[in-house]
Amino acid sequence: MSVALARLRSLCSALPEAVEGVTVHHPSFNVRGKTFALCTDSPEPDLWIKSTLGDQAELIATDATRYFKPPYLGPRGWVGVRVDGADWSEVAELVTDAYRLAAPKRLIRQLDDPS
């Protein structure tokens with residue numbers, strides 16, 4: 001198991017009803033059947049995270065060596081993150097934002113107020 005996948009699992013396990021699955025032969029994380037993050041391994045480990053087109057463009061403009069438009073899902077706003085040397089606190093924010101785009105409102109409220 002790659003370090004990137006282990007870290008992604010750790011981030012996603014804290015999100016309400018997030019489950020691990022497989023999307024196009026890659027480990028992925030879903031909420032209620034909607035994928036919000038996946039981990040690829042070709043040629044290097046990368047994360048693909050659900051995002052908006054605006055956020056994707058902003059991230060790539062900020063650091064095109066770290067962020068990229070992934071094939072297939074990039075036109076829908078997903079952003080790729082090269083994990084080699086990644087800032088995992090920033091990755092955690094991106095994963096949480098991705099979860100918010102996929103999760104139903106009740107689970108988002110649960111995330112915001114776990115009590």
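# Salt bridges, a buried arginine and a helix pair

Arg 9 counts as partly exposed because its relative accessibility is 30% (buried means under 20% relative accessible area, exposed over 50% and partly exposed in between, with a 1.4 Å probe and protein chains only). The model you have here is predicted: local features need pLDDT of at least 70, side-chain atom pairs count only at pLDDT 80 or more, and totals for chains, interfaces and linings use all residues. Residues are numbered from 1 along each chain as its sequence is written, and side-chain values use heavy atoms, with hydrogens and water left out.

**Exercise 1.** Find the salt-bridge partner of Arg 9 and place both residues in the chain.

*Solution.*
- Start with the rule: a salt bridge is a side-chain nitrogen of Lys or Arg within 4 Å of a carboxyl oxygen of Asp or Glu. Four salt bridges result from this rule.
- Arg 9 pairs with Glu 20, with 2.7 Å between the closest N and O atoms.
- Arg 9 sits in helix 1 (residues 3–13) and Glu 20 in strand 1 (residues 18–23), eleven residues apart, so the pair links distant parts of the chain. Helices (H or I, at least four residues) and strands (E, at least two) are DSSP runs, numbered from the N terminus.
- Glu 20 is also partly exposed, at 38% relative accessibility.

**Exercise 2.** Which residues are linked with Glu 17 in a network of salt bridges?

*Solution.*
- Take Arg 32 to begin: its side chain meets that of Glu 17 in a salt bridge of 2.8 Å, N to O. Arg 32 lies in the loop between strand 2 (26–31) and strand 3 (34–40), and Glu 17 in the loop between helix 1 and strand 1, so the pair ties together parts 15 residues apart in sequence.
- Next comes Arg 106, whose salt bridge with Glu 17 is 3.2 Å, N to O. This pair links distant parts of the chain, as Arg 106 is in helix 4, 89 residues from Glu 17.
- Put together, Glu 17, Arg 32 and Arg 106 form the network.
- Check accessibility: Glu 17 is partly exposed at 40%, Arg 32 at 47% and Arg 106 at 42%.

**Exercise 3.** Work out what surrounds the side chain of Arg 66, which lacks a salt bridge.

*Solution.*
- Locate Arg 66 in the loop between helix 2 (53–62) and strand 5 (67–68).
- Arg 66 is buried, and Asp 63, the nearest side chain of opposite charge, is 4.6 Å away (Lys and Arg count as positive, Asp and Glu as negative; His and the chain ends are not counted).
- Now look at backbone oxygens: the Arg 66 side chain reaches that of Asp 84 at 2.7 Å and that of Gly 85 at 3.5 Å.
- Leaving out residues up to four places away in sequence, Arg 66 has contacts that include Gly 80, Val 83 and Ala 86 (contact means heavy atoms within 4.5 Å).

**Exercise 4.** Describe how helix 3 and helix 4 cross, and which residues make the contact.

*Solution.*
- The axes of helix 3 (residues 88–102) and helix 4 (residues 105–112) come within 8 Å and cross at roughly 145° (axes are lines fitted to C-alpha atoms, for helices over the stretch in contact, and angles run from 0 to 180 degrees between N-to-C directions).
- Helix 3 contributes Thr 96, Tyr 99 and Arg 100, while helix 4 contributes Leu 107, Ile 108, Leu 111 and Asp 112.

Note on methods: A polar contact is a pair of N or O atoms within 3.5 Å; within protein, one must be able to donate a hydrogen and the other to accept it, and residues adjacent in sequence count only if both atoms are side-chain atoms.
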